[in-house]
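User: I have a model open and would like to go through its fold with you. Can we start from the overall picture and work inwards?

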Amino acid sequence: MSRERKNIAAITGYKSGEQSVDPEIIKLNTNENPYPPSPFISNALAEFSTESLRKYPSPTADDFRDKVADIHNVKRNNIIATRGGDELLRLMITTFVNPGEVIGTTSPTYSLYPVLAAIQDCPLKAIPLSNDWNLPTDFAAKLNDAGAKLILLVNPHAPSGVLVNQEKIAQLAQDLDGLLLLDEAYVDFVDPGKNYDSVPLIKEIESVVILRTLSKGYSLAGLRLGYGIGPHQLIQPMLSKTRDSYNLDGLSQFIGCRALDDSTHALKNCELVRHERSKLRIEFNKLGFQVAPSETNFILVTAPQNHNAAELYLALKQKNILIRFFNHDGLSNKLRVTVGTRRENKQLIKVLKKLILAP
Ligand SMILES: Cc1ncc(COP(=O)(O)O)c(C=O)c1O
């Protein structure tokens, strides 16, 4: 007899992309940054006092929060530091949504959202995106009708990479009855020419919390460090009531601070990713793939006619190249490809060319 809660017994859990440390494998499946993090980190680590680990760290990661607040021109009490962006998602749900209440999102979306909703025993109302990956005009109305208490919206979108502009986001936040968690895990890769900055929203609209992470733009997925930006009245209950007692270890706080000290390094890496992204898009187009207009460090491509996405995924895997195939949500003829280094992208295209042109 299972001793799990009924809703827990019913779920399969989040399935991470395959992880591999084999240097032979070109890993373009989990949207990691292809470039290393700031050298400030290794320099600082050489001087890190291991004696400091004897003591508990700052429970609310105050030095880190101060640096984040400075970057975004908000106050420390507008920031919560979390164990990856994923912890913020969990905190938003456990703090603001009762079991049984509706959580809203898009379809498709980040595949962790349904799992977190199910853990809290909440039904998920997922509104399909339009064919060009944009929000349907009645998105807010449908979620209000469903009584959605919290809406999880990833922007730029995963897995398509498409960005909704900030005017639309502002309007949406006004129109929604529920809280809006704006998941900006990939925002560091948005073309600066788009002038996208949703942070001012938290000063105007009291129902928005923004998720950020150091996993992507700062090349620190292995560290597990993210944060939320929001009005104090939404941040405070998570900070003082629902967060784990010391949710961020001292070493992560230390490394996070050094990474933020060298945000120029991250900006340069993101610029390189954008450059590679546009090259990759052209190469995929040449091979007959459709490519969604991405503002992230990945692209979603539709397999050419007469080619099967699942088979291409497996064939690439056999050649030591990992990309992501999702067999659901209208994605079964698509592949998600993380932008790699020049060398990795070239190898991917070389192998794909052989598969597509001479299958
Ligand atoms: C859409 C989206 N949101 C949030 C996250 C959370 O990232 P992390 O927990 O590594 O900060 C991810 C990670 O891949 C993601 O794809």
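Analyst: We can take the overall build, then the sheets, then a few residues.

Analyst: This is a predicted model, in which local features need pLDDT of at least 70, side-chain atom pairs count only at pLDDT 80 or more, and totals for chains, interfaces and linings use all residues. Residues are numbered from 1 along each chain as its sequence is written.

User: ok, how many helices and strands?

Analyst: The protein has 13 helices and 12 strands. Helices (H or I, at least four residues) and strands (E, at least two) are DSSP runs, numbered from the N terminus.

User: and what is the radius of gyration?

Analyst: The radius of gyration is 21 Å, close to the 21 Å that the globule rule gives for 359 residues, so the protein is as compact as a globular protein of that length. That radius is taken over C-alpha atoms, and the rule is 2.2 Å times the number of residues to the power 0.38. The C-alpha trace spans about 60 × 55 × 55 Å along its principal axes.

User: what percentage of residues count as buried?

Analyst: 43% of the 359 residues do. A residue is buried if 20 or more other C-beta atoms lie within 10 Å of its own, exposed if 12 or fewer, and partly exposed in between, with C-beta atoms placed from the backbone.

User: what share of the contacts is 24 or more positions apart?

Analyst: Among contacts with a separation of 6 or more, 73% are between residues 24 or more positions apart. A contact here is two residues whose C-beta atoms, placed from the backbone, lie within 7 Å.

User: on to the sheets. what's the order in the one with 7 strands?

Analyst: The order is 2-8-7-6-5-3-4, in an open sheet with mixed pairing. Strand 2 (79–82) and strand 4 (124–128) are at the edges with a single partner strand each, so one side of each is left without a neighbour in the sheet. Neighbouring strands are turned by 25 degrees against each other on average, direction ignored. Two strands pair if DSSP finds at least two bridges between them.

User: in what sense do strands 5 and 6 pair?

Analyst: Strand 5 (residues 150–154) and strand 6 (residues 179–183) pair in the parallel sense, over 5 bridges. Valine 154 stands opposite aspartate 183 in strand 6.

User: and strand 8, how does it run against strands 2 and 7?

Analyst: Strand 8 runs antiparallel to strand 2, with 4 bridges, and antiparallel to strand 7, also with 4 bridges. Isoleucine 79 stands opposite isoleucine 229 in strand 8, while arginine 212 has tyrosine 227 of strand 8 as its bridge partner. Both faces of strand 8 are covered, with Gly226 and Gly228 buried on one side and Tyr227 and Ile229 buried on the other.

User: which helix lies across strands 2 and 8?

Analyst: Helix 3 (residues 62–72) lies across strand 2 and strand 8 (226–229), at about 125 degrees to strand 2. Helix 4 (residues 84–96) packs on the sheet as well, touching strands that include strand 3 (103–107) and strand 7 (208–213), and its direction makes about 155 degrees with that of strand 7. Axes are lines fitted to C-alpha atoms, for helices over the stretch in contact, and angles run from 0 to 180 degrees between N-to-C directions.

User: is leucine 88 buried or exposed?

Analyst: Leucine 88 is buried, with 27 other C-beta atoms within 10 Å. Leucine 88 sits in helix 4. Not counting residues up to four places away in sequence, leucine 88 touches Ile80, Thr82, Leu211, Gly226 and Gly228. The C-alpha atoms of leucine 88 and glycine 228 are 6.7 Å apart, though the two are 140 residues apart along the chain.

User: at what angle do helices 4 and 9 cross?

Analyst: The axes of helix 4 and helix 9 (residues 232–242) cross at roughly 90 degrees and come within 10 Å. Leu91, Thr94 and Thr95 of helix 4 meet Pro237, Met238 and Thr242 of helix 9.

User: last one, the sheet of 3 strands. what's its order?

Analyst: The order is 9-10-12, an open sheet with antiparallel pairing. Strand 9 and strand 12 stand at the edges, each with a single partner strand. Strand 9 (residues 290–291) and strand 10 pair over 2 bridges and form a hairpin with 6 residues between them. Strand 10 (residues 298–302) has 4 of its 5 residues buried, so it is largely enclosed by the rest of the structure.
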